[in-house]
Amino acid sequence: MSDYIWFEGIPFPAIGYEKKIIEESRDKFVIRDEDTVILTYPKSGTNWLIEIVCLIQTKGNPKWIQSVPVWERSPWIETQNGYAMLINKEGPCLMSSHLPIHLFPKSFFRSKAKFSVIYVFRNPRDVLVSGYFFWDKSNLIKMPESLETYFEWFLKGNVPYGSWFEHTCSWLSMRERDNFLVLSYEDMKKSTRGTIEKICDFLGRKLEPDELDLVLKYSSFQAMKEKNVSNFSLIIKDVIINGLALMRKGVAGDWKNHFTVAQAETFDKVFQEKMAGFPPGLFPWK
Ligand code: A3P
């Protein structure tokens, strides 16, 4: 059981992070025009999107995704290992981040920045449930006693990377930028092929129909679940307890199996209050 590392009001997992690196990634790390960034709040489908983008880059050839762990294919900018890998990499890089906007590399805010950012958001109720079952089996954060406790922490933003609401509000406000593609986990589930095509268009990649079929096949929940370079079973031993698993259920709406009626009502109220500035049609869930 570990407590957080706090940096500028944001809690980060206690293993794999360091204040100095988080600060350096914001102030010194330069994202180049040819780079692609996968940006999410944790538990929103990050690893799924990485798998899809890697497969698009290889035109559906699974060799890369089957032999190299996901955190090496698309290192997290703000982690100790990820940062070390990225500052030494040459050529166009694929990278990931869960950073809130005020801690993101300043190079994003240059008016001429052209690198591609793909942002995925997910129903926060499912993010909450997914996070509870994930962090609970890791040594990365203080263990919540129950889903009820974690529910309270989540609403207060006392969970890894802080408040979902603040994270999502600030990143969604960037959605009109040309180099910023916004996707939702729910749309990815409903129309995976359509989403892959959208990503190809955004990244300027043309895939033949049979190549697209391969991207779909190798990024499926089942294919990822069976592969240890994607399912987190290779993650360092001191992080795992009780069989931590990234690939839990992979569905939309599982929160309905876990929230009480009172929790659902409380959540609705908070959501309406905090997300009032956005058109309701932006959120594709019921
Ligand atoms: P659940 O815990 O609800 O199953 P992240 O990668 O951001 O940590 O998100 C993890 C969530 O994405 C998990 O949700 C996981 O099952 C889901 N996921 C990962 N790969 C997926 C895929 N190929 N298809 C659908 N969901 C996927």
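How many salt bridges does a search of the whole structure find? The search finds 11, a salt bridge being a side-chain nitrogen of Lys or Arg within 4 Å of a carboxyl oxygen of Asp or Glu. The structure is a predicted model, in which local features need pLDDT of at least 70 and side-chain atom pairs count only at pLDDT 80 or more, while totals for chains, interfaces and linings use all residues. Residues are numbered from 1 along each chain as its sequence is written, and side-chain values use heavy atoms, with hydrogens and water left out.

A good place to begin is the pair formed by Asp 27 and Lys 106, whose closest N and O atoms are 3.2 Å apart. This salt bridge links distant parts of the chain, 79 residues apart: Asp 27 belongs to helix 1 (residues 19-27), and Lys 106 to the loop between strand 4 (94-97) and strand 5 (116-121). Here helices (H or I, at least four residues) and strands (E, at least two) are DSSP runs, numbered from the N terminus. Asp 27 has a relative accessible area of 35% and is partly exposed; Lys 106, at 48%, also counts as partly exposed. In these terms, buried means under 20% relative accessible area, exposed over 50%, and partly exposed in between (1.4 Å probe, protein chains only).

Asp 27 and Lys 106 also take part in a network of salt bridges together with Glu 8 and Arg 26. Glu 8 sits in the loop between strand 1 (5-7) and strand 2 (10-12), and is partly exposed at 45% relative accessibility. Its backbone deserves a look too: Glu 8 has a positive phi of about 45° although it is not a glycine. For background, most residues other than glycine have a negative phi.

Two further pairs round out this part of the picture. In the salt bridge between Lys 59 and Glu 211, the closest N and O atoms are 4.0 Å apart. Because Lys 59 lies in the loop between helix 2 and helix 3 (63-67) and Glu 211 in helix 11 (residues 209-218), the pair ties together parts that are 152 residues apart in sequence. Lys 59 is partly exposed at 41% relative accessibility, whereas Glu 211 is buried at 17%. Lys 249 and Asp 254 form another salt bridge, with 2.7 Å between the closest N and O atoms. Of these partners, Lys 249 is partly exposed at 39%, and Asp 254 is buried at 3%.

Attention now turns to the interior. The largest nonpolar core has 60 residues, and those with the most contacts inside it are Phe 12, Phe 104, Tyr 150, Phe 154, Trp 171 and Phe 267. Such a core is a set of buried Ala, Val, Leu, Ile, Met, Phe, Trp, Tyr and Cys residues joined through side-chain atoms within 4.5 Å. Leaving aside neighbours within four places in sequence, Phe 267 is in contact (heavy atoms within 4.5 Å) with Pro 124, Arg 125, Leu 128, Phe 151, Phe 154, Leu 155, Phe 165 and Phe 259. Apart from the largest core lies another, of 29 residues, including Leu 49, Ile 50, Ile 118 and Leu 183. In soluble globular proteins, nonpolar side chains tend to be buried together.

Val 37, in strand 3, is buried, with a relative accessible area of 0%. Not counting residues up to four places away in sequence, Val 37 touches Ile 31, Met 95, Phe 104, Phe 115, Ser 116, Val 117 and Ile 118. Val 37 and Phe 115 are 78 residues apart in sequence, with a C-alpha to C-alpha distance of 7.7 Å.

The structure also holds 1 cavity of 30 Å³ or more, and about 60 Å³ of space lies in the largest cavity. On a 1 Å grid over the protein atoms alone, a cavity is a set of points where a 1.4 Å probe fits but cannot get out, and lining residues have an atom within 4 Å of a point. Grid points are joined across faces, edges and corners, and the volume is the space filled by probe spheres set on the points. The lining consists of Tyr 41, Pro 42, Lys 43, Val 127, Gly 131, Trp 135, Tyr 150, Phe 154, Val 159 and Pro 160. Helix 6 (124-135) and helix 7 (147-156) are the elements that give two or more residues to this lining, and helix 6 provides the largest share, 3 residues.

Lys 43, from that lining, is found in the loop between strand 3 (36-40) and helix 2 (46-57). Lys 43 is buried, with a relative accessible area of 12%, and its phi is near 75°, a positive value in a residue other than glycine.

Methods
1 Å grid on protein atoms, 1.4 Å probe; cavity = no way out; pocket = protein on both sides within 12 Å on 5 of 7 lines; lining within 4 Å.
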